[in-house]
Amino acid sequence: MHIAVIGAGSWGTALAGMLGQKYNNVILWVRSEALAQELARTRQNSRYLPGYLLPSAVEVTYNLNRAVTGAQVIVIVTPSHSVRQLAAQIGSIVLREPVQPFIVSAAKGFELNTLKRMSEVIQEEIPVSTDKIVALSGPNHAEEVAASQPTATVVASISRKSCEYIQNVFMSPQFRVYTNPDIIGVELGGSLKNIIALGCGVADGLGLGDNAKAALMTRGLAEITRLGTAMGASPHTFAGLSGLGDLIATCTSRHSRNRRAGVLLASGKTKDEILTETSMVVEGIRATSAAFQIAQKLHVEMPITKQIYQALYDEKSPKDAVMELMTRGKTHEIEDVAADNTFSKE
């Protein structure tokens, strides 16, 4: 089994390490030549996952051709804004391969100029059949996976056979993998939860308490589900690991960079200042812009996303954003109530 892991951020490093405990031919591709040399020498990614040593079975390379050629499984674990460029390079290599590899997208987010999901971008750039593309998402903090703490995740594809194949590839006693046919919902859950995590960080930064965060998470899940179903996803997916599970982890964990970014936003930092201060990519900032645009196109109401967007891109005061959420017009919690007159007659 030759597995190529493309991207050596914290999540890519953790996945390569986990797979390297199970297989003896895992290659981790690193964009930076200097980081590749450091990883090969020290076996430690001191910038993105300090303290974790890569297993000896993991080869580190700066050569993309070396990583991809002959791989049965290619795992793409890069920031969303770099997926298309890398996928195009991978596509030119895969084109020469006699057998199509499985492509696993572990990247979370949207392509801003097209508003496409990562699997859609990959499909356009890598010449494999659609049923060979699998998305992996869930409440998976790299720090905990690297420490072999119990973790569950979801793999999704239009093909049950592909899902089950990748499930077997990744499954271990510490990493439990479920399958789901709803690749749209699984990808959207992993992307949109980052927006709500920004909001929970704002709540923490403003000292609003647990009641406010619980409301943000619950109503945030409602609007994620609303947008997801409008985009063709199953509403049931958002009650699962890639929806509610990932939302809880990202909104509450000390490891969550999106939550931390929200705290900085509440302190008065601008979007650009937050990005400058944060050493790793904050996908929620880009996802907020994409989701706001998609919601407008599809005429989907997303009040929390709208306020986070205005705080990030229009420099609206976070306190004013919270007040506007709290003083919105009255509504039902269950949105179908108004339409079907569910209340009993008095």
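**Exercise 1.** State how much area domain 1 and domain 2 bury between them in this predicted model, and which residues of domain 1 lose the most area to domain 2.

*Solution.* Step 1: The two domains bury about 2,400 Å² between them. Step 2: Of this area, 64% lies on carbon and sulfur atoms. Step 3: On the side of domain 1, the residues that lose the most area to domain 2 are Phe110, Leu112 and Leu115. Together these residues account for 27% of what that side buries.

**Exercise 2.** Locate the two domains along the chain, and determine how many residues of each are in contact with the other.

*Solution.* Step 1: The domain assignment places domain 1 at 3-181 and domain 2 at 185-337. Step 2: The C-alpha centres of domain 1 and domain 2 are 26 Å apart. Step 3: In contact across the interface are 28 residues of domain 1 and 29 residues of domain 2.

**Exercise 3.** Describe the polar side of the interface, and explain why Glu187 and Arg117 count as a salt bridge.

*Solution.* Step 1: Between domain 1 and domain 2 the rule finds 2 salt bridges. Step 2: The closest N and O atoms of Glu187 and Arg117 are 2.5 Å apart; the pair qualifies because the cut-off is 4 Å. Step 3: The interface also has 9 residue pairs in polar contact.

**Exercise 4.** Identify which element supplies the largest share of the side of domain 1 that touches domain 2, and classify the residues of that side.

*Solution.* Step 1: Elements that each supply at least two residues include helix H5 (118-125) and strand E11 (151-156). Step 2: The largest share, 4 residues, comes from E11. Step 3: By class, this side of domain 1 has 12 nonpolar, 11 polar and 5 charged residues.

Definitions and conventions: Residues numbered from 1 in each chain as written. Predicted model: local features only at pLDDT ≥ 70, side-chain atom pairs only at ≥ 80, totals over all residues. Heavy atoms only, no water. Domains from an automatic or database assignment. Contact = heavy atoms within 4.5 Å. Buried area = accessible area lost by both parts, 1.4 Å probe. Salt bridge = Lys/Arg side-chain N within 4 Å of Asp/Glu carboxyl O. Polar contact = N/O pair within 3.5 Å; in protein donor to acceptor, adjacent residues only side chain to side chain. Nonpolar A, V, L, I, M, F, W, Y, C, P; charged D, E, K, R; others polar.
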